[in-house]
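Q: Please take a close look with me at one part of this structure. I would like to hear how its pieces pair up and how that part sits within the rest.

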Amino acid sequence: MTDLAGAPMTHLVIGAAGHAQEVAWSLRAMLGGDPELLFFDDRVAPGPLASGLGSIVGPLDRVAAYARTNARLVLGIALPRLKASVVAQLAPLGLPWATVVHPTATIGPNVELGDGSYVAAGAIVTVNVRAGRFTTINMHCQAAHDAVLADLVTLHPGARLAGGVMVGEGAELGTAAVVLPGATIGPWAVLGAGAIALRSLPGGRTYVGVPARPVRHRGRAMRLDQGAA
Ligand SMILES: CC(C)(COP(=O)(O)OP(=O)(O)OC[C@H]1O[C@@H](n2cnc3c(N)ncnc32)[C@H](O)[C@@H]1OP(=O)(O)O)[C@@H](O)C(=O)NCCC(=O)NCCS
């Protein structure tokens, strides 16, 4: 892939952990060939990746040195609060964010995917779906007709949205979570792995189980939100 002047496009992947490498692998499958992929991560030491997808250059403050006209950012982070933080950190560079869709994802008509969003292998996004900026629709997720995903939403692998579901900004649905038709999940809510939301749930809380109910306390996930990609 080249920019308008014919220079090869460089992709600056933000994050270098497993999820970032999955996004990079999807990007490579989408573009074909062997695109240049440079990884940046504050917590992983520089050097080549075992997956062979590219090399870690260094921490995020090194990205500025690669901010050329032929560079695009690729969001390799799935946790919504961390996504928000790195997007704000890198905004002054003014670089475009790539939207990555694995070739085995199925995208129907009248679907909008915002800049910096990611649709992983085997996901299905049917018709009239709106997904905002920096949304993550991971492996084998389903977003049915008329679903609306606000900015920074993350659907972890196998999560399923029935028709007409709305998911508020920064909400996170755990692996295999399900939201039934027409329900709204409020902003920055967390739906635990395997939970089923039978009805609308207010934002800012964590819900688990079938039917999904608020957890009494939050522990491990809070700590993850504050640290890991
Ligand atoms: C819901 C979740 C965010 C809660 O994490 P947490 O805030 O650290 O909460 P804790 O682990 O302290 O658990 C709090 C309570 O909820 C229960 N619980 C946690 N996750 C649950 C789940 N998915 N289903 C049912 N109960 C759950 C715990 O057993 C505990 O119950 P207790 O208060 O009766 O002891 C987390 O367990 C989860 O499901 N995350 C999804 C992660 C995911 O899918 N990642 C995908 C990566 S690819």
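A: Happy to. Two strands count as paired here if DSSP finds at least two bridges between them. Please keep in mind that this is a predicted model. With that cut-off, β7 and strand β10 (residues 124-125) qualify, pairing in the parallel sense over two bridges. One contact to look for is Thr106, whose bridge partner in β10 is Ile124.

This pair belongs to an open sheet of six strands, ordered β7-β10-β13-β16-β19-β22 and paired in parallel. The edges are held by β7 (106-107) and β22 (196-197); each has a single partner strand, so one side of each is left without a neighbour in the sheet. As background, strands of a sheet pair through backbone hydrogen bonds, either parallel or antiparallel.

Now let's turn to strand β1 (residues 10-14). Four of its five residues are buried, so β1 is largely enclosed by the rest of the structure. β1 pairs with strand β2 (residues 36-40) in the parallel sense over five bridges, and Ile14 has Phe40 as its bridge partner in β2. Between these two strands the chain passes through helix α1 (residues 18-31), making a right-handed β-α-β crossover. β1 also pairs with strand β5 (residues 71-75), again in the parallel sense and over five bridges. There, Leu12 is matched with Leu73 in β5.

Val13 links this strand to the interior. Setting aside neighbours within four places in sequence, Val13 is in contact with Ala20, Val23, Ala24, Leu37, Leu38, Phe39, Val74 and Gly76. Val13 and Val74 are also among the residues with the most contacts inside the largest nonpolar core, along with Ile137 and Leu191; this core has 66 residues. Domain 1 (10-97) and domain 2 (101-208) both contribute residues to the core, so it lies between them. In soluble globular proteins, nonpolar side chains tend to be buried together.

Stepping back, the protein chain comes to three helices and 24 strands. Its radius of gyration is 17 Å, close to the 17 Å that the globule rule gives for 229 residues, so the chain is as compact as a globular protein of that length. The C-alpha trace spans about 50 × 40 × 30 Å along its principal axes, and 41% of the 229 residues count as buried.

How values were computed:
Residues numbered from 1 in each chain as written. Predicted model: local features only at pLDDT ≥ 70, side-chain atom pairs only at ≥ 80, totals over all residues. Core = buried A, V, L, I, M, F, W, Y, C linked by C-beta atoms within 7 Å. Buried ≥ 20, exposed ≤ 12 C-beta atoms within 10 Å, placed from the backbone. Domains from an automatic or database assignment. Contact = placed C-beta atoms within 7 Å. Rg over C-alpha atoms; globule rule 2.2 N^0.38 Å. Right-handed = clockwise from strand over helix to strand, strands pointing away.
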